[in-house]
Amino acid sequence: MHFVCSKKSKARLPVYVFLPSMEEDLDKSVQDNDIQIPEELPLLPVRDVVIFPYMILPLFVGRDKSIAAVDAALSRNRLIFLASQKEVAEEEPDPEEIYKIGTVAMIMRMLKLPDGRIKVLVQGLAKGRIRQFEQQTPYYSVTVERLQEDRVTEISLEVEATMRTIREQLAEILSLGKALPPEVMMVVENVEDPGSLADLVASNIGLKVSQAQDLMEIIDPLERLRRVKDLLAKELEVVTVQQRIQSQAKEEMGKTQREYYLREQLRAIQSELGEADPRAEEVADLRERMNKAKLPEEARSEAEKQLRRLETMHPEAAEYSMLRTYMDWLVDLPWSRSTRDNLDLKKARKVLDEDHYDLEQIKERILEYLAVRKLNREMKGPVLCFIGPPGVGKTSLGKSIARALGRKFVRVSLGGIRDEAEIRGHRRTYVGALPGRIIQGIKQAGTNNPVFMLDELDKVGADFRGDPSAALLELLDPEQNHSFSDHYINLPFDLSNVMFVATANILDPVPSALKDRLEVIRLSGYSPDEKLSIARTYLIPRQIKNNGLKQGALRISEMALTKLITEYTSEAGLRNLERELGSICRKVARRFAEGKTKPVLVTETSIARFLGPPRFLREKEREEDEVGVATGLAWTEVGGEILNVEVNVMKGKEGLMLTGQLGDVMKESAHAALSYARAHAEDLGIDPDFFEGKSIHIHVPAGAIPKDGPSAGVTMATALISALSGRPVSKDVAMTGEITLRGKVLPVGGLKEKVLAAVQAHISEVIIPELNEKDLEEIPRHLRKKVRFIPAGNMSAVLEAAMKSGL
């Protein structure tokens, strides 16, 4: 009788396989499948292992039901049914949690252990299937149907090839280091029965319980043999990859050890030659830079602590490079380096005037800061915020402020930032961690008091990684930023001397808490006259120089420049204007490059040859006073616009129709205007029953452009009342303001931009809300001279000014 020991990874027990083909001391009844198996047997659920026929293995039995089943088997014929349970962790499996196909086994020996468990040695005899559970207490008793397996009497070429493949695969797995008993191969070579070979191999290659159970349930020995071959092929692939991984790990380990040994030898040679140790030089350099940096006490204490760690750390350690980078940041930050402010107010004014035309409010604010700084050196830096449309010079204004103060200038664009770590930095525990953009900017400036521009403040986002706007709250608060803590540096850094300048196109997206920390200064844009002066003084000379032209090579007439401003650009700023001037200069430069030497004069008629036909045609001026048409003023992000609101009254289904891609606010303004007209019909000289059988259509031209805003109420009401009363509206009057149901005129914003649009449209009178009269001081004097402003507190005053024939 032969027993083979296999240490199964799942069973954690030695498994002994009995081989019937050895024909030694085997009972003939077992070998010939003539075992007499009772119809009802005790059931012993086992876990972690599937027991095949002819296997012998010890089992430790500890559950009460299992001990009772063993006792019942020993009291009868020593036969017991072994079936694997589906869930290994289940202590009291139900009948549904036990596989139906198992093995009828004989208990060969039994030993009681001191802890109350028993140890039994069992031998599998034959496969069986549970037909029915007869009892569940005190132990499981089942009716068993024996599963007969056909014996293979003739080995075909295919079966022989399969068996040979299995032996070769098993040998290769053994050669790759798979933990198998050495006796297994010897026994496998002598097994001639396909079913027995399949069971022997399956019990020794460490299959999962589910895989082994699938094999157990295959009755056909040839099919089972083919399935074992497939599983063995997969196991061979896994063992091959595992061997390759282990080999690579050993190679890497050997390479690391070899490099370490060579470095130690190199260090010893350098020591013998009297040469300095590179690591010691590196540490000495860091220490020297640390002393020069004049770190604050807390930062110096941390730097010395980390430097001592660096001295004792091996250069090949994973943390070495991270710590080395951290030390570089720590000693390179300008903890105590600052520039001296230029407190000469006349010189600062001269610098600001050189760089920018007009912008008196901003220039006055900068000069005020310098004056206070001159009197109080401990003054904390202000937080200015420039609000205005694109191209009005917000960013360049920050550079001019830095030049006027004699400070370094740093710009950080916040557009699209969604991660709080972009502001505060990443913690050093992350791979590739770096300080946030603020500390990076301070290091780039090299001083602790630069002019720091936070561009595109209104385009900061937020997502699951945090809200950058919340991180900016501490940064932009003079009472808190004296100890700003970056997650990477993890030390307080004084930002109170930094002059922060933020820019945004619109203020609405900025959170209110952040808005509260900002000193808002609005840049409304430039009038055509201002653009003309700026082009003459700044833009044309700069483009002539940038395009390699000499002085006098290009001249642009006053009328041509005016046409360029009004018909080739449509913006509040100057960006497109400078772009078009650059296009003219490039075409002139090409002429000179081709050999022509005659200076070029661009006139009103010849400008089309350089830039093509005009691109922007403003709203056409009304040629006469009309009924049902009123001119309104609107604000856009690129400046002011005029809108001619048209109203038609027609017979038809009662209702109000609105067209022109109007937003919700403008639709509400139209309904409010209609309600006002109906409520005051008699006072306005309108038939009180005008709405009966009439359809009213309000249209705002340029229907492809979406429009919305709270300043079109009075314009809609005026056009509507004009259409209903038959009185014309003056073509020389434009208006802005919101209306209430009681006819009051509410104040609006963007007055300067709207006035600019009125001037460009040659409108001489502008009706404004009475509460906006105070805002006229912000409008340049030369614009106020061109327009007569009519303050109105209610619709009666608006109608009186807009309709020359009166009410």
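Is S141 buried or exposed, and at what relative accessibility? At 1% relative accessibility, S141 counts as buried, where buried means under 20% relative accessible area, exposed means over 50%, and partly exposed lies in between (1.4 Å probe, protein chains only). The views below show a predicted model, in which local features need pLDDT of at least 70 and side-chain atom pairs count only at pLDDT 80 or more, whereas totals for chains, interfaces and linings use all residues. Residues are numbered from 1 along each chain as its sequence is written, and side-chain values use heavy atoms, with hydrogens and water left out.

**View 1. Surroundings of S141 in strand β8 and the cis peptide bond before P138.** S141 belongs to strand β8 (residues 141-146); helices (H or I, at least four residues) and strands (E, at least two) are DSSP runs, numbered from the N terminus. The side chains of S141 and E40 form a polar contact at 2.5 Å, a term that denotes a pair of N or O atoms within 3.5 Å, where within protein one must be able to donate a hydrogen and the other to accept it, and where residues adjacent in sequence count only if both atoms are side-chain atoms. When residues up to four places away in sequence are not counted, S141 touches E40, L41, P42, Q132, F133, E134 and Q135, contact being defined as heavy atoms within 4.5 Å. In the loop between β7 and β8 lies P138, and the peptide bond leading from T137 to P138 is cis, with omega near -5°.

**View 2. I80 in the largest nonpolar core, with R78 in the preceding loop.** A nonpolar core is a set of buried Ala, Val, Leu, Ile, Met, Phe, Trp, Tyr and Cys residues joined through side-chain atoms within 4.5 Å. The largest such core has 56 residues, of which L59, I80, L82 and L170 touch the most other members. Apart from its neighbours within four places in sequence, I80 is in contact with P42, L44, A69, V70, A73, T103, V104, A105 and I107. A second, separate core of 55 residues includes L359, V451, M453 and I540. R78, placed in the loop between α2 (64-75) and β5 (79-84), has a positive phi of about 65° although it is not a glycine, and at 33% relative accessibility R78 counts as partly exposed.

**View 3. The open, parallel sheet of five strands.** The strands are arranged in the order β10-β11-β14-β9-β15, and two strands are taken to pair if DSSP finds at least two bridges between them. At the edges stand β10 (409-413) and β15 (519-522), each with a single partner strand, so one side of each is left without a neighbour in the sheet. From one strand to the next the twist averages 20°, with axes taken as lines fitted to C-alpha atoms, for helices over the stretch in contact, and angles running from 0 to 180 degrees between N-to-C directions. Helix α12 (residues 360-375) packs on the sheet, where it touches β9 (383-387), β14 (499-504) and β15, and the direction of α12 makes about 145° with that of β15. Five bridges connect β10 to the parallel strand β11 (residues 451-455), with V412 opposite L454 in β11.

**View 4. Strand β9 and its partners β14 and β15.** Five of the five residues of β9 are buried: V383, C385 and I387 point one way from the strand, while L384 and F386 point the other way. The parallel pairing of β9 with β14 comprises five bridges, and the bridge partner of L384 in β14 is V501. Four bridges join β9 to β15, again in parallel, and in β15 the bridge partner of I387 is R522.

**View 5. Helix α22 and the elements against which its buried residues pack.** Helix α22 (residues 664-679) has 16 residues and reaches 23 Å from its first C-alpha to its last, close to the expected 22 Å, a span calculated as 1.5 Å times one less than the number of residues. Its buried residues are M666, S669, A670, A672, A673, L674, Y676 and A677. These buried residues of α22 pack against β20 (655-659), β21 (694-699), α23 (713-725), β23 (738-739) and α26 (795-802).
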